[in-house]
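Please open the model in a viewer and keep the selection panel at hand. The stops below are meant to be followed in order.

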Amino acid sequence: MNESKFAHITKVHPCFNEKMHDKVGRVHLPIAPRCNIQCNFCTRELNKCEQRPGVSSRVMTVEEAVTHVAKVIKEMPISVVGVAGPGDALANPETLEFFRIIDKKFPDLIKCMSTNGLLLADLAEEVAAVNISTITVTVNAIDPEIGKKIYSRAVYDGKVYEGEEAFKIISEKQLEGIEKVSKLGVVVKVNSVLIPGLNDEHIPDIAQEVKKRGASLMNVIPLIPLYKMKDYQRPGCEELSTVRDNVEEILPVFRACTQCRADAYGVPGKEDKHLDMTPASHY
Ligand code: SF4
Ligand code: SF4
Ligand code: SF4
């Protein structure tokens, strides 16, 4: 872990420090609609009401996103600019193009992204070159027997991989990517989606592996049962808490996450907004 960088980041990043979660804000720019893998629990939607990742009111162009940043940093205490979908940040070249501009225009804002990690190893140098300081990589398995039930497809280098082959390439690239960007000084948090009966006992193994690769923090988030996993149970608080306690013996755990939208902005849980919200006065 890059100790001094981690200490600096945790002072100002709502997603890396529970104490700051309701004090400083982030702005998400929904400029990344495409995804290069298929997770069996994911549907991406454009709507104005659902509160979850993968959802945005609309997709922005890079220019619109830069204008949005300039506007919101005047209105609220924003310390972090993030790209979190609604697809995969790195599967969309707009993401790095956007961060290149932000790095020049607003060098003091922390640049952050979340990714499935498939392209992280290949783009590690470019990510570091635009001064992205924090990355969240979602890793839901390292064991192929479990992983093949979570992911059904990956498209890498123009080739389509299905089932176990898809998991193999996703996992290999995720772990290689975490290792590479960590060595380049990026602070890495790993998100794991807790899927009861599938990876609940496996998440501490993920923690062991990603710790070896350089991750600093973990965030265990409950499955939102959708798509092919719509019949799975959403984990209860107690189950979530047990898995988090087990992970905490290996890596620090972030517990304040409520899984926000790809177009959220403001101070999480306090002054929290998203694009095209219907003003409260309309109700
Ligand atoms: Fe959905 Fe993200 Fe999985 Fe892509 S990586 S399928 S956007 S959850
Ligand atoms: Fe937080 Fe993830 Fe957004 Fe970064 S990309 S600001 S870690 S929610
Ligand atoms: Fe990040 Fe989760 Fe907080 Fe949203 S709720 S800002 S995703 S830590």
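In what order do the three strands of the open sheet with antiparallel pairing run? The order is E2-E8-E9 in this predicted model. Select the edge strands, E2 (37-39) and E9 (159-162), each of which pairs on one side only. From one strand to the next, the twist averages 15°.

Next, select strand E8 (residues 151-156), which pairs with E9 in the antiparallel sense over four bridges. Display Val 155 here; its bridge partner in E9 is Val 160. Then add helix H6 (residues 163-183), which lies across E2, E8 and E9 and runs at about 65° to E8.

Now turn to the open sheet of eight strands. Its order is E11-E10-E7-E6-E5-E1-E12-E13, and the pairing is mixed. At the edges are strand E11 (217-222) and strand E13 (271-274), each paired on one side only. The twist in this sheet averages 20° from one strand to the next. Select helix H8 (residues 237-248) as well: H8 packs on the sheet and touches strand E10 (187-194) and E11, its direction making about 165° with that of E11.

Select strand E5 (residues 78-83) next. Is E5 enclosed or open to its surroundings? Six of its six residues are buried, so E5 is largely enclosed by the rest of the structure.

Look at the partners of E5 in turn. Strand E1 (residues 25-28) runs parallel to E5 and is joined to it by four bridges; within this pair, His 28 has Gly 82 of E5 as its bridge partner. E5 is also joined to E6 by four bridges, again in parallel, and there Gly 82 stands opposite Cys 112. Add helix H3 (residues 94-105) to the selection: E5, H3 and E6 make a right-handed β-α-β unit.

Continue to strand E6 (residues 110-115), which runs parallel to strand E7 (residues 132-138) and is joined to it by five bridges. Thr 115 stands opposite Val 137 in E7.

The last stop is ligand 2. Which residues are around ligand 2? They are His 13, Cys 15, His 28, Val 80, Ala 84, Cys 112, Met 113, Ser 114, Thr 136 and Lys 189. Colour the shell by residue class to see five nonpolar residues, four polar and one charged. E6 gives the most to this shell, with three residues. Two residues from earlier stops return here, His 28 and Cys 112: His 28 was seen with Gly 82 as its bridge partner, and Cys 112 was seen opposite Gly 82.

Definitions and conventions:
Residues are numbered from 1 along each chain as its sequence is written. Chains are lettered from A and ligands numbered from 1 in the order in which they are written. This is a predicted model: local features need pLDDT of at least 70, side-chain atom pairs count only at pLDDT 80 or more; totals for chains, interfaces and linings use all residues. Side-chain values use heavy atoms; hydrogens and water are left out. Two strands pair if DSSP finds at least two bridges between them. Helices (H or I, at least four residues) and strands (E, at least two) are DSSP runs, numbered from the N terminus. Axes are lines fitted to C-alpha atoms, for helices over the stretch in contact, and angles run from 0 to 180 degrees between N-to-C directions. Contact means heavy atoms within 4.5 Å. A residue is near a molecule or strand if one of its heavy atoms lies within 4 Å of it. Ala, Val, Leu, Ile, Met, Phe, Trp, Tyr, Cys and Pro count as nonpolar, Asp, Glu, Lys and Arg as charged, and the others, Gly among them, as polar. Buried means under 20% relative accessible area, exposed over 50%, partly exposed in between (1.4 Å probe, protein chains only). A crossover is right-handed if, with the strands pointing away from the viewer, the path from the first strand over the helix to the second runs clockwise.
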